[in-house]
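Reader: I would like to go through this model step by step. Please keep the answers short.

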Amino acid sequence: MAASVLIVEDEVILGKELARSLQRMGYTIAGRVTSGEKALAQVVELQPDLVLMDIVLTGSMNGIEAADRIRTLCDVPIIYLTAHTEAEVLERARATEPYAYLAKPYTEEQLRTTVYIALYKHKMQKRIEESERKFRLLFENTPLGYQALDEKGHIIEVNKAWLELFGYSRDEVLGKWFGNFLGPGQQDLFVKGYSRLMATGRIRGAELKVATKTGTTLYATIDGLATYDDDGRFTQSHCIIRDDTDRKQAEIALQRQNEYLSTIMESVTNPFYIVNAHDYSVVRANTAAQSKGVVEQSTCHYTTHGRAEPCDDRDFPCPVRELVRTAAPTTVQHIHYGVDGQPRNIEVHAYPIVDGRGKVSQIIEYCLDVTERKRVEEDRHRLATAIEQSADSVVITDSQGTIQYVNPAFERLTGYARDEVVGRNPRILKSGKQSAAFYSQLWKTLSAGRVWRGRLVNKTRDGRLVEEDATISPVMDASGKIVNYVAVKHDVTTEVQLQKQLVQAQKMESIGTLAGGIAHDFNNLLQVVVGYTAMLLMDKDENHPDGEALAAIRQAAHDGAGLIKGLLTFSRKVEYYPRPVNLNQEVKRVYKILPRMIPKMIDVQMRLADGLRPINADPNQFEQILLNLAVNAHQAMPGGGTLTIETANVTLDEYYCKLHLDAAPGDHVRLTISDTGVGMDREVLEHIFEPFFTTKEPGVGTGLGLATVFGLIKTHQGHITCESEPAVGTSFNLYFPAIQRPSKLEVPVRETPPVGGTETLMLVDDDAKVRGFVKNLLVRAGYTVLTAPDGVEALEVFKERGSEISLVILDFIMPKMSGAECLRKLLEIDPHAKVLIASGYTARGKDRELMENASRGILSKPYDAPGLLGAVRKALDEGDKVVH
Ligand code: ADP
Ligand code: MG
């Protein structure tokens with residue numbers, strides 16, 4: 001649309017001309033007026049795009065005044081038309097800011113150009129104004145604060161938002177240093193930041209605390225730009241200020257929360273950390289977790305990467321995977337290798353953190369090092385096992401002495417089950433063997449907090465007495481108060497018993513050696529007495545005055561021989577001819593002769609076992625055993641009673657043999673002889689088997705009865721025990737080993753009539769008196785007798801005159817060369833040599849074999865004349881073994 005022009009020209013012709021020119025140029029003429037007043041009226045009404053104003057107008061208002069008024073009415077560009085060029089007029093006209101001057105007279109071309117430029121300029125002006133207006137609008141209404149500062153930082157301009165932010169009015173801030181509006185301590189920051197802005201031309205995200213007029217501090221973020229003039233000099237800065245207080249406060253709150261969490265995590269001295277549930281990456285961990293290297297081996301890492309267990313394996317029941325699935329807290333134990341490389345037992349408590357959708361997003365893990373706890377548990381277990389397995393009994397009581405615990409060894413030893421004794425007092429074991437003073441001493445020691453050690457005799461559930469080496473210790477709590485007593489007791493019953501048996505056995509052994517030695521020598525002396533007495537008596541007739549004396553001597557010697565025989569039996573130096581026998585038959589045989597020795601008022605009972613195993617026994621000796629015991633029983637029952645003889649098959653086990661030193665395990669036959677007599681006390685019991693131990697009046701007992709029994713039983717490879725209770729009775733148990741296979745039958749004793757002969761005999765005996773007596777006897781009986789005091793001489797004589805010698809009578813016990821050795825050498829010289837062995841004791845082993853096999857007979861000392869003569873004759877005639 002063509003621009004419309006209002007022409008204000010008081011000269012009508014000129015005005016018309018002008019209008020025509022403009023129309024030609026394509027403009028429309030809004031109107032043509034001739035005065036200023038009319039122009040004012042028309043301009044409002046016609047709203048022209050341009051006013052051509054003649055400065056000089058007729059009427060009261062000139063062109064300049066009119067233009068000035070028009071300016072206030074509307075925004076329309078004005079071009080002055082003037083012929084005047086006075087400086088004063090032009091000066092006034094300029095004040096009204098005309099778009100151009102067109103000096104009269106102007107050419108059409110000038111008019112065209114001027115109008116065009118004026119319209120263009122106005123159009124541009126309008127655009128600028130519009131843009132300015134928009135900018136202003138924006139500037140004023142933006143929620144972001146804006147400030148422009150000069151090179152010193154003084155405020156040139158701020159917008160409304162800025163003022164609202166700071167709480168000041170514009171007047172209060174313009175020209176002021178921006179630093180004045182900052183919080184304490186922020187000025188330096190501002191100065192530094194501002195110089196950077198000036199230098200670099202830009203600043204971003206600078207944070208400053210600003211102070212509002214009301215005194216509150218706000219957190220502001222500032223972005224800024226610098227502008228420079230054509231010479232590159234800084235002109236001013238333009239900054240946008242954002243109030244970030246809310247964000248900042250949230251940030252601070254978050255940071256606080258974080259610190260709070262950190263403090264909590266750090267306050268835990270055990271490893272404590274959080275991992276992501278999807279990849280197990282560590283979100284955060286406390287120092288303990290980091291320093292102990294736990295994070296690298298957390299449960300998740302452990303289970304996923306499998307340090308100890310391969311958790312890649314889908315089948316592995318990974319507790320953490322389970323936790324992620326179920327969102328239920330879990331506890332896992334695993335081995336963790338600490339920074340020192342040592343394995344530790346770690347207990348990991350894992351808790352799920354569930355997100356808004358109910359899924360486990362993270363896992364909190366808290367680690368406890370339970371190595372020590374485990375070790376203590378294991379120690380305790382080991383200890384408990386040790387106590388449970390211990391062979392010694394262990395009893396634990398409370399401070400009152402009430403039993404709280406006993407171990408299986410206690411149960412075994414006492415026969416009480418744990419349930420029976422827990423809650424009771426150990427008093428139940430009291431045997432009465434310890435005095436009240438003994439117990440009070442024990443308690444005195446314990447209550448003083450000291451350990452008591454000593455030997456106790458206690459009673460088992462079935463009344464057996466057990467001897468125990470006990471150590472009782474008080475257990476104190478941290479304050480030193482006694483809370484428990486622990487007793488450890490070692491059963492020494494067996495040891496004590498064995499010890500006693502050992503002492504007893506050694507005693508018996510040495511007594512045996514002693515008695516045997518004496519008996520041997522004494523026997524030789526008796527031999528002389530018996531021999532010469534017999535010789536003297538042989539010569540005398542019945543009425544000879546010495547007859548009685550000699551008979552008395554013979555009787556005394558005979559009795560002495562009886563005693564010696566007892567001693568020799570005790571020391572096992574008697575002949576022993578065992579053969580397989582049935583003990584029941586032997587008992588029955590003796591039973592028949594019992595009434596001769598035992599009065600009727602004693603009732604003899606027999607209980608003989610069926611199918612009794614055979615034993616090897618010498619029937620004569622067995623008879624002696626039984627008689628000796630029966631006599632003792634009789635003597636123990638002066639007012640009558642019962643004597644019981646009992647046999648049984650028994651098998652002795654290892655355990656029994658452990659308790660009886662002289663017993664060997666295996667099948668045995670037991671003979672029990674019991675009486676209901678006076679019995680014995682312990683003191684007597686300890687000595688009964690010793691020779692010459694008797695409690696009886698002189699003349700009644702010799703003290704050799706049981707010694708003999710002892711020796712005989714030993715000879716039979718058996719053993720004997722005795723149980724006795726004063727006023728109740730006594731019971732002897734005799735054990736004989738049962739025969740496994742029958743042994744060679746022994747030749748029984750045979751009587752031979754006393755006869756003499758004319759052969760030459762050699763008598764070998766170290767004892768000169770015996771040599772004298774025997775030689776005398778043999779010579780009287782018609783023999784020629786050569787003698788030798790020892791084996792060496794005997795061999796010499798035999799070498800010289802062996803052909804003459806029909807029989808050698810050889811003593812087996814001799815100095816220099818033993819009888820056995822001599823016998824061997826004799827047989828070397830003449831394998832057919834006849835030898836009769838005379839001996840006071842029973843040889844064993846090889847010697848025994850030799851005696852039996854190589855000799856023509858054995859003659860036991862002391863022997864009497866008929867015995868000797870008979871044996872000599874027999875040996876000479878038959879060459880059979882002859883035993884006397
Ligand atoms: P003696 O009978 O000659 O005294 P023993 O050797 O036979 O000698 O016995 C030794 C002691 O053993 C006896 O004195 C007696 O005290 C005791 N004794 C032996 N057998 C019995 C018994 N059956 N009852 C009680 N005491 C006995
Ligand atoms: Mg006796």
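Reader: In what order do the 5 strands of the open sheet stand?
Author: The model is predicted. In its open sheet of 5 strands the pairing is parallel. Strand 28 (residues 760-764) is joined to strand 29 by 5 bridges, and L761 stands opposite V785 in strand 29. The order of the strands is 29-28-30-31-32.

Reader: Which strands stand at the edges of the sheet?
Author: From one strand to the next, the twist averages 20°. A strand at the edge has a single partner strand, so one side of it is left without a neighbour in the sheet. The strands placed this way are strand 29 (784-788) and strand 32 (857-860).

Reader: At about what angle does helix 25 run to strand 28?
Author: Helix 24 (residues 768-780) lies across strand 28, strand 29 and strand 30 (805-811), and its angle to strand 29 is about 165°. Helix 25 (residues 791-801) also lies across strand 28, strand 29 and strand 30. Its angle to strand 28 is about 165°.

Reader: How much of the accessible area of ligand 1 does the protein cover?
Author: A backbone N or O atom of G703 lies 2.9 Å from an oxygen atom of ligand 1, and a polar side-chain atom of T730 lies 3.5 Å from a nitrogen atom of the ligand. On its own, ligand 1 has 520 Å² of accessible area. The protein covers 95% of that area.

Reader: Which helix gives the largest share of the shell around ligand 1?
Author: Ligand 1 is surrounded by 18 residues, divided into 6 nonpolar, 10 polar and 2 charged. Two elements give two or more residues to this shell, helix 20 (619-636) and helix 23 (705-715). The largest share, 4 residues, comes from helix 20.

Conventions
Residues numbered from 1 in each chain as written. Chains lettered and ligands numbered in written order. Predicted model: local features only at pLDDT ≥ 70, side-chain atom pairs only at ≥ 80, totals over all residues. Heavy atoms only, no water. Pairing = 2+ DSSP bridges. Axes fitted to C-alpha atoms, helices over the stretch in contact; angles between N-to-C directions. Contact = heavy atoms within 4.5 Å. Near = heavy atom within 4 Å. Polar contact = N/O pair within 3.5 Å; in protein donor to acceptor, adjacent residues only side chain to side chain. Areas by Shrake-Rupley, 256 points an atom, 1.4 Å probe, with all protein chains shown as cover. Nonpolar A, V, L, I, M, F, W, Y, C, P; charged D, E, K, R; others polar.
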